[in-house]
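Thanks for coming. I will show the structure first and then go through it piece by piece.

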Amino acid sequence: MERNDAVMPTVAIVVAAMMFILLLFMFNKDTAPTPVVVDPKLSASIASEWPTVGNKVFHGQQNAAVNCSGCHGANGEGGVGPKLAGNADILSNPAIIVTTVQKGKGSMPAFGGVLKDNEIYAVANYVANSFGNKAKELVTPALLADNVGKVGPEVLRERSRFVPEEIILPEIFLVTFVVLLLTYGLIGLYSNWAEGAELHPGIHKVRASTMSMTAMVLALAGVLLFSVLFVRQILTSIAGMNANTPVPPQVTSEGFYAAMIVLLLALVLGLYKKYFMDGEVVVEDASGEFPW
Ligand code: HEC
């Protein structure tokens, strides 16, 4: 008797693969950090020109369309915008001035297209070293590049350990859908393999062989190996997050190890059912729409 669910698993897996490729593009677009171009000429001029150019930009004398002092006060004392003198955010990470000016923040407009790059770095260094502020190092493209991908300790403590922060809700729905289709396909493929593409109703005696024994032992060893790796990685991550300077957890390794454990356990179950357990195919199975 021909199974009526013999093709569906393959279709489901192909669809899942296509959606996954689609997802890859979405993820790339949304998550890739804006690359910082480190221009040596620009970096070299920042040190000499920031005191003059930065001062002019800040007070609206370089470009009439940009006047930081109008919102932040002539001495960085604050106004419509927050106080920049002694500002803890700036003191701890002066590179945020560059990104704030480039991209804007809240009701502060973005000046990325209005100011030239050298003007942005000049005003950033001016703010970082005026009104009593003093930066440990010059704000340069290299410093900014260094900051891309770095996560502050507060963000680190609050964010989910298992979902990378860049992933947004629609992506989670799509991933769930892909995983569902893939699972459906895999279960179908398994059932075709375990019970045969044609159903033979009746009792099936097991046929364990040296091959199946070896496969079983290897799969079990794999489960053990990845369990050890997983626990070790989790302990490392916990230690990293509680350290004085917290280190982001290695979510990718953790996820990979966990996935390997689950996959190998599924393999163990599959092998057990096919080679170590007497099975019975009931005739009703053949008319079922779903492979399980
Ligand atoms: C139209 C008013 C306005 C102008 C002009 C303006 N800002 Fe702002 N700025 C703000 C406001 C409002 C915020 C707070 C945004 C928020 O946190 O939501 C802010 C935030 C900032 C921050 C972040 C402070 C923090 O604690 O995180 C920096 C740095 C900054 N501005 C620098 C500048 C510089 C440099 C310029 C000039 C190139 C400038 N701003 C021009 C209104 C302005």
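**Notes on a predicted model**

F131 is partly exposed, because 19 other C-beta atoms lie within 10 Å, and a residue needs 20 or more to count as buried. F131 sits in the loop between α6 and α7, the latter being residues 141-147. Its backbone deserves a look as well: phi of F131 is near 55 degrees, a positive value in a residue other than glycine. Please keep in mind that this is a predicted model.

Now the overall layout. The protein has 11 helices and 2 strands. Going along the sequence, the order is α-α-α-α-α-α-α-α-α-β-α-α-β. The chain has 292 residues, and 17% of them count as buried. Among contacts with a separation of 6 or more, 74% are between residues 24 or more positions apart.

Next, the helix pairs. Two packed helices are described by the angle between their axes and the distance between the axes. I have three pairs to show.

Start with α2, residues 40-58, and α6, residues 117-128; their axes come within 6 Å and cross at roughly 70 degrees. That angle makes α2 roughly perpendicular to α6. On the α2 side, the contact is made by L42, S45, I46, E49, W50, V53, G54, N55, V57 and F58. On the α6 side, the contributors are D117, N118, E119, Y121, A122, V123, N125, Y126 and V127. Sorted by class, this contact of α2 with α6 has 11 nonpolar, 5 polar and 3 charged residues.

α6 also packs against α5. Here the angle is about 130 degrees, and the axes of α5 and α6 are 9 Å apart. α5 and α6 are therefore oblique to each other. The crossing of α5 past α6 is right-handed. Which residues make the contact? From α5 they are I97, V98, V101 and Q102, and from α6 they are I120, Y121, V123, A124, V127 and A128. The contact of α5 with α6 contains 9 nonpolar residues, 1 polar residue and no charged residues.

Let me stay with α5 for a moment. Its buried residues are A95, I97, V98, T100 and V101. What do the buried residues of α5 pack against? The partners are α4, α6 and α7. After α5 comes G104, with a positive phi near 80 degrees.

The third pair is α10, residues 210-242, with α11, residues 251-276. Their axes come within 8 Å and cross at roughly 160 degrees. α10 and α11 are therefore roughly antiparallel to each other, since an angle over 145 degrees counts as such. The crossing of α10 and α11 is left-handed. The residues in the contact of α10 with α11 divide into 19 nonpolar, 6 polar and 1 charged.

On to the ligand. There are 22 residues around the ligand, and C68, C71, G81, G106 and M108 come nearest. Which elements give two or more residues to this shell? They are α3, residues 68-72; α4, residues 88-92; α5, residues 95-103; and α6. The largest share, 4 residues, comes from α3. By class, the shell around the ligand has 12 nonpolar, 8 polar and 2 charged residues.

Last, two residues of α9, the helix that spans residues 169-195. V175 lies in α9, and the place of L180 is in α9 too. Are V175 and L180 buried, partly exposed or exposed? V175 is partly exposed, because 16 other C-beta atoms lie within 10 Å. L180 is exposed, because 12 other C-beta atoms lie within 10 Å, and 12 or fewer counts as exposed.

Each of these has a partner far along the chain. The C-alpha atoms of V175 and L23 are separated by 7.9 Å, with their positions 152 residues apart along the chain. For L180 and A12, the C-alpha to C-alpha separation is 9.4 Å, and the two are 168 residues apart in sequence.

To recap the helix pairs: α2 is roughly perpendicular to α6, α5 is oblique to α6, and α10 is roughly antiparallel to α11. That is what I have for today.

How values were computed:
Residues are numbered from 1 along each chain as its sequence is written. This is a predicted model: local features need pLDDT of at least 70, side-chain atom pairs count only at pLDDT 80 or more; totals for chains, interfaces and linings use all residues. Axes are lines fitted to C-alpha atoms, for helices over the stretch in contact, and angles run from 0 to 180 degrees between N-to-C directions. Angles under 35 degrees count as roughly parallel, over 145 as roughly antiparallel, 65 to 115 as roughly perpendicular and the rest as oblique. Two residues are in contact if their C-beta atoms, placed from the backbone, lie within 7 Å. Ala, Val, Leu, Ile, Met, Phe, Trp, Tyr, Cys and Pro count as nonpolar, Asp, Glu, Lys and Arg as charged, and the others, Gly among them, as polar. A residue is near a molecule or strand if its C-beta atom, placed from the backbone, lies within 6 Å of it. A crossing is left-handed if the near helix is turned anticlockwise from the far one by less than a right angle, and right-handed if clockwise.
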